[in-house]
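Colleague: I am new to this structure and should be grateful for a close look at one part of it, namely the open sheet and the strand within it that is covered on both sides. Please also say how far the model may be relied upon.

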Amino acid sequence: MKEKNVVIKKKCPYCFLHISNDETGFLLKTDGARFISPALNDVVTPKKDIPYVLFWNAMGIPEEQLDAERMIVDNQILTELNQELNAAGKTLAVKNYDPDNYGYTFSAREGAIHLFSNTMICPYCHNALPQNFFRYDMLMVGMAGSVDSGKTVYINSLMMDGYHVLQRDNLMVRNAAGNTSDPSHLEMEKNADLLFRQGICPAATSKAFRKPVFMEMTYRIEERTYPLLVAIYDVAGELIKENTGAGRTGFARHMDGFICMVDPAQMHLEHAVLSQTMPDEEQVLSKLRLLSPEEQISYQMMSNKNQKQVRDANDFMKDTYHNEDYILERKAEMILDSIRSGLGETLLHKKYMALTLGKSDKLEEIGEIRAYPASQLLFEREHITHGFFNMEHHFLRQDLLAEIFDQKVFRLQRNLDDYKESSLFVISSLGCETEVIQDGAQEIVKAVGKVRPIRVEEPLLWLIMKYMQERGWLD
Ligand SMILES: Nc1nc2c(ncn2[C@@H]2O[C@H](COP(=O)(O)OP(=O)(O)OP(=O)(O)O)[C@@H](O)[C@H]2O)c(=O)[nH]1
Ligand SMILES: [Mg+2]
Ligand SMILES: [Zn+2]
């Protein structure tokens, strides 16, 4: 008996429009297959995919940087294709419902040659939907944090060695990219591998909205299994501001929660962890050319610490922002402020916030931090295999971190009060120092020794636990 098609609507993880499973199109891979029928041959000839190009252009990515030449079948192309195939008396191309994942597959046959795709694409933006997209619910997590705070390295660290740090006896994690040969997906995989094998850190994220990283997680308790999809969004620090508002996709509004990275360089410490980590003048200048005047001021405030004036309005800076602490505090709080102003209070009440002090390896030897009672808890490296993380230590760390944040970063209360729930974390994606190495004309940042993350998975697992709690999976 043929199983009944179930119509399911979900929010596209790229353009955030609501799409239903029967509206999806397909991305084709042919490995050079050719047909006798001109209509079929036309479909398997790569062409500029206009909706895809336009979507990414609007997100700040020019056509040259895209896999713009694609083979696509959407509902309209399918109808046209079938009109021609019908007229030629050929077997029709079909869209089959797949009851296993509530999705569809595309199939066309001509003699011995079979054209098949199970890579569904959004009918509006033409991006490849992740595996099991219509079958499981998705948790959307946005990386937040100022420029250079460690967002991209964070994601790479999670991805290393097959999501090793996230795997538990009762939690299985795997990649869920819909199109595993997507150039941006391949690049992420390559970067995670370079980090894992050679300790090489990824280059600064360009000013553009990126494709999220998709994972499928299966939580197992006794005989039951609970699967979910997770999408993690990484953006360049300076883009968060405009992305929270009306521009672009306003992606921040759609997130279930955020992992906001705080760089130790932003802390008020006697010991300046700062100088090494501030973006250098060239980097700041090159980014400045792309920024609005408002953003330029924020930048200026960041780089002013190094006594580097990056705009002509020197006097303005000297008069108004001579207080270094103010500048640094702005840097750390700017992102939280942008999220707040972009989302508004009502929406903020629906979001989770994992406020995360990153690069904790830099703090490990600092006396001021060491002086806090039980400070060794901050740098604990124990690797958990059962359960999500050591809850007892997590709660102990909350109090300690609240104190450290209040005294060394910013007053937590006014920054976190309006979230649905927030929690504090201290992690290191690398767990070791870095050095800059000259590679031809290029400078690369490399870990000194082997990358050994310090509880890097905790902020994400906390968000996942909240998601599971809401659904009663943890009861
Ligand atoms: N010591 C140490 N350095 C780190 C760690 N994580 C990141 N870094 C350093 O911080 C730099 C910036 O990290 P990214 O992940 O690129 O920062 P980002 O927030 O993505 O920056 P943008 O994309 O420019 O907004 C890296 O090149 C590393 O040198 C860490 O855990 N420990
Ligand atoms: Mg980045
Ligand atoms: Zn879409």
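**The open sheet and strand β11**

Modeller: This is a predicted model, and confidence differs along the protein chain: among its elements, strand β10 (residues 120-121) has the highest mean pLDDT, 98, and helix α10 (residues 314-320) the lowest, 38. Residues 274-323 have a pLDDT below 50, and beyond near neighbours in sequence this stretch has 55 contacts in the model. For the protein chain, the mean pLDDT is 85, with 83% of the residues at 70 or more.

The sheet in question is open and has 7 strands with mixed pairing, in the order β12-β13-β14-β11-β15-β16-β17. Its edges are formed by β12 (171-175) and β17 (421-426); each has a single partner strand, so one side of each is left without a neighbour in the sheet. On average, neighbouring strands are turned by 25 degrees against each other, direction ignored.

Within this order, β11 stands between β14 and β15. With β14 it pairs in the parallel sense over 5 bridges, and leucine 139 stands opposite valine 230 in β14. The pairing of β11 with β15 is also in the parallel sense, over 5 bridges; here glycine 142 stands opposite phenylalanine 258 in β15. One step further along, β15 (residues 257-262) pairs with β16 (residues 352-357) in the parallel sense over 6 bridges, and glycine 257 stands opposite tyrosine 352 in β16.

Strand β11 is mostly covered, with 8 of its 8 residues buried. Which residues point each way from β11? Met138, Met140, Gly142 and Ala144 point one way, while Leu139, Val141, Met143 and Gly145 point the other way, and all of them are buried.

Two helices that lie across strands of the sheet complete the picture. Helix α4 (residues 151-163) lies across β11 (138-145), β12, β13 (213-221), β14 (224-233) and β15, and runs at about 135 degrees to β11. Helix α15 (residues 458-470) lies across β11, β13, β14, β15, β16 and β17, running at about 165 degrees to β16. Strand β11 is thus among the strands crossed by helix α4 and among those crossed by helix α15.

How values were computed:
Residues are numbered from 1 along each chain as its sequence is written. Chains are lettered from A and ligands numbered from 1 in the order in which they are written. This is a predicted model: local features need pLDDT of at least 70, side-chain atom pairs count only at pLDDT 80 or more; totals for chains, interfaces and linings use all residues. pLDDT is the predictor's confidence in each residue, from 0 to 100. Helices (H or I, at least four residues) and strands (E, at least two) are DSSP runs, numbered from the N terminus. Two residues are in contact if their C-beta atoms, placed from the backbone, lie within 7 Å. Two strands pair if DSSP finds at least two bridges between them. Axes are lines fitted to C-alpha atoms, for helices over the stretch in contact, and angles run from 0 to 180 degrees between N-to-C directions. A residue is buried if 20 or more other C-beta atoms lie within 10 Å of its own, exposed if 12 or fewer, and partly exposed in between; C-beta atoms are placed from the backbone.
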